[in-house]
There are 2 protein chains.
Amino acid sequence: MKKKILIIDDEQQIRHFMRVSFTAEGYQSIEAENGVKGLALLKQENPNLVVLDLGLPDVDGYYVLREIRQSSKIPVLVLTARDQESVKVKLLEGGANDYLCKPFGVRELIARIKVLLRDIVYEPTPGHMVFDGLVVKPKTLQVEVDGKPIKLSKKEFALLFHLAEKPGVLVTRTELLVAIWGATHAEDTHYLRVLITQLRKKLNDDADAPRFIATEPGIGYRLVAKALKGGAQ
Amino acid sequence: MKKKILIIDDEQQIRHFMRVSFTAEGYQSIEAENGVKGLALLKQENPNLVVLDLGLPDVDGYYVLREIRQSSKIPVLVLTARDQESVKVKLLEGGANDYLCKPFGVRELIARIKVLLRDIVYEPTPGHMVFDGLVVKPKTLQVEVDGKPIKLSKKEFALLFHLAEKPGVLVTRTELLVAIWGATHAEDTHYLRVLITQLRKKLNDDADAPRFIATEPGIGYRLVAKALKGGAQ
DNA sequence: GCTTAAATTTAACGCATTTTTAACGACAGC
DNA sequence: GCTGTCGTTAAAAATGCGTTAAATTTAAGC
């Protein structure tokens with residue numbers, strides 16, 4: 001199966017240049033000329049990797065990255081014109097998997113893409129993640145409990161998503177904090193505490209007798225519901 | 001538990017510089033000044049990540065990388081002085097997970113290390129340490145006695161972990177005190193006494209006829225259970 | 001652009017657990 | 001019998017988690 005790469009870049013020339021290179025390497029490419037279309041394509045097309053240009057005409061590149069990370073762990077390689085260390089650090093901590101400065105060589109770009117596809121375990125289109133009494137749909141950001149649809153906010157969904165990705169596995173607080181609020185809030189556990197409370201309330205879960213989200217004191221949280229389909233098998 | 005980083009670099013200054021930075025970030029670092037020693041340390045110490053300098057005095061950096069990849073999927077970040085695309089491509093295709101050119105910024109180095117540790121699934125040791133009737137799982141801070149899960153607090157776990165790391169070996173009180181409470185409490189043996197009592201109670205152990213933790217009067221403690229798997233073989 | 005609703009961030013409090021401190025008994029060496 | 005070490009217990013202090021509600025920011029509707 002050919003791997004699909006989503007290119008989000010406003011410069012038509014660069015897109016064309018990348019498409020040709022990717023095709024030559026045996027990849028299939030889909031393209032978006034701005035952030036909003038990129039996010040839409042991501043959900044429609046289920047690519048295996050995203051190449052994201054920071055300088056987009058409509059929305060900030062950081063924003064796109066954050067949106068992607070709300071509901072997906074797809075490998076993201078960021079391109080940018082500026083070679084500032086602070087920018088790099090911010091992006092990598094914000095969830096980017098790699099970073100390349102313009103102008104770059106095609107061969108390095110291809111090599112780095114190969115590395116990401118080789119090293120990062122990512123299964124596209126988890127479609128729905130189905131658990132005993134709980135369904136999580138990352139594409140539409142919808143959740144069902146015992147068949148009834150539940151409305152979650154963005155952050156509530158992100159939290160549930162990150163737990164649902166590793167059913168039964170303990171996810172550390174730091175991991176969740178960094179994933180949802182970014183590295184600058186890696187220590188602010190009170191954020192997590194109130195979000196957990198809200199999420200539990202909407203899921204009709206009880207902290208003392210958890211059906212879905214169990215607390216591992218001092219460490220983090222864990223989704224206890226049995227995985228029936230999707231998630232990390 | 002602290003993640004271990006193996007530094008393979010011949011320049012003492014750079015090693016020192018990295019060690020200081022890594023320690024500040026909460027990582028533990030071990031160092032080798034050439035390739036052969038690096039490969040030896042890799043097997044002995046089970047680090048979580050390798051930072052490899054290409055220009056080594058004894059053997060080629062490529063060779064070291066190939067040797068590592070013969071038997072391990074550990075994340076490897078390569079450092080080099082030359083910024084040639086062909087070199088980068090060759091390294092990345094040869095199994096390196098990331099690449100950084102000298103001179104580099106510490107913050108970028110740290111950021112890239114964090115990304116590798118975050119994104120690449122790699123289990124250094126077997127994961128848990130198994131003894132006769134006792135299982136210690138450092139990753140999730142869980143402990144089992146005779147198959148039954150036991151709830152330990154952070155400090156209790158840290159204590160047991162440091163003993164389990166060296167099964168059968170005497171661990172001095174100072175060593176434990178420094179590891180758990182820090183150097184400022186290296187003399188406060190009463191801390192250790194009550195923590196030992198609590199831990200023994202939870203493990204159902206008896207100080208007078210120790211099944212797990214034996215006292216070595218005047219010196220320290222020792223885990224007496226037989227190691228079946230994991231730990232320092 | 002204004003109004004209203006929703007979501008997010010702060011702040012505060014109760015409760016349970018953990019950690020620290022202190023006190024006491026058992027035992028061994030001198 | 002004194003002294004020092006270890007183990008145990010209990011209390012006091014500190015910390016961590018869950019919860020609620022108010023304040024602030026952000027998004028939505030008109």
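These are my notebook entries on a predicted model, covering a DNA strand, a chain contact and a pair of helices.

**Entry: DNA strand D**

I began with the protein around DNA strand D. I found 20 residues around this strand, and those that come nearest are A:A207, A:T215, B:T197, B:A207 and B:T215. I then looked up which elements give two or more residues to this surface: they are α8 (189-203) of chain A and α8 (189-203) of chain B. Sorted by class, the surface near DNA strand D holds 8 nonpolar, 8 polar and 4 charged residues.

**Entry: chain A against chain B**

Next I looked up the contact between the two chains. Chain A gives 18 residues to the contact, and chain B gives 18 residues. On the side of chain B that touches chain A, I noted α4 (85-93) and α5 (106-119) of chain B as the elements with two or more residues. Of the elements on that side, α5(B) gives the most, with 6 residues. I also wrote down the classes for this side of chain B: 7 nonpolar, 3 polar and 8 charged residues.

**Entry: two helices of chain A**

Last, I looked up α7 and α8 of chain A. How are two packed helices described? By the angle between their axes and the distance between the axes. For helix α7 (residues 173-181) of chain A and α8(A), I have axes that come within 10 Å and cross at roughly 85°. The two helices α7(A) and α8(A) are therefore roughly perpendicular to each other. From α7(A), the contact uses A:R173, A:L176, A:L177 and A:W181, and from α8(A) it uses A:T189, A:Y191 and A:L192. I counted the contact of α7(A) with α8(A) by class as 5 nonpolar, 1 polar and 1 charged residues.

Methods:
Residues are numbered from 1 along each chain as its sequence is written. Chains are lettered from A and ligands numbered from 1 in the order in which they are written. This is a predicted model: local features need pLDDT of at least 70, side-chain atom pairs count only at pLDDT 80 or more; totals for chains, interfaces and linings use all residues. A residue is near a molecule or strand if its C-beta atom, placed from the backbone, lies within 6 Å of it. Helices (H or I, at least four residues) and strands (E, at least two) are DSSP runs, numbered from the N terminus. Ala, Val, Leu, Ile, Met, Phe, Trp, Tyr, Cys and Pro count as nonpolar, Asp, Glu, Lys and Arg as charged, and the others, Gly among them, as polar. Two residues are in contact if their C-beta atoms, placed from the backbone, lie within 7 Å. Axes are lines fitted to C-alpha atoms, for helices over the stretch in contact, and angles run from 0 to 180 degrees between N-to-C directions. Angles under 35 degrees count as roughly parallel, over 145 as roughly antiparallel, 65 to 115 as roughly perpendicular and the rest as oblique.
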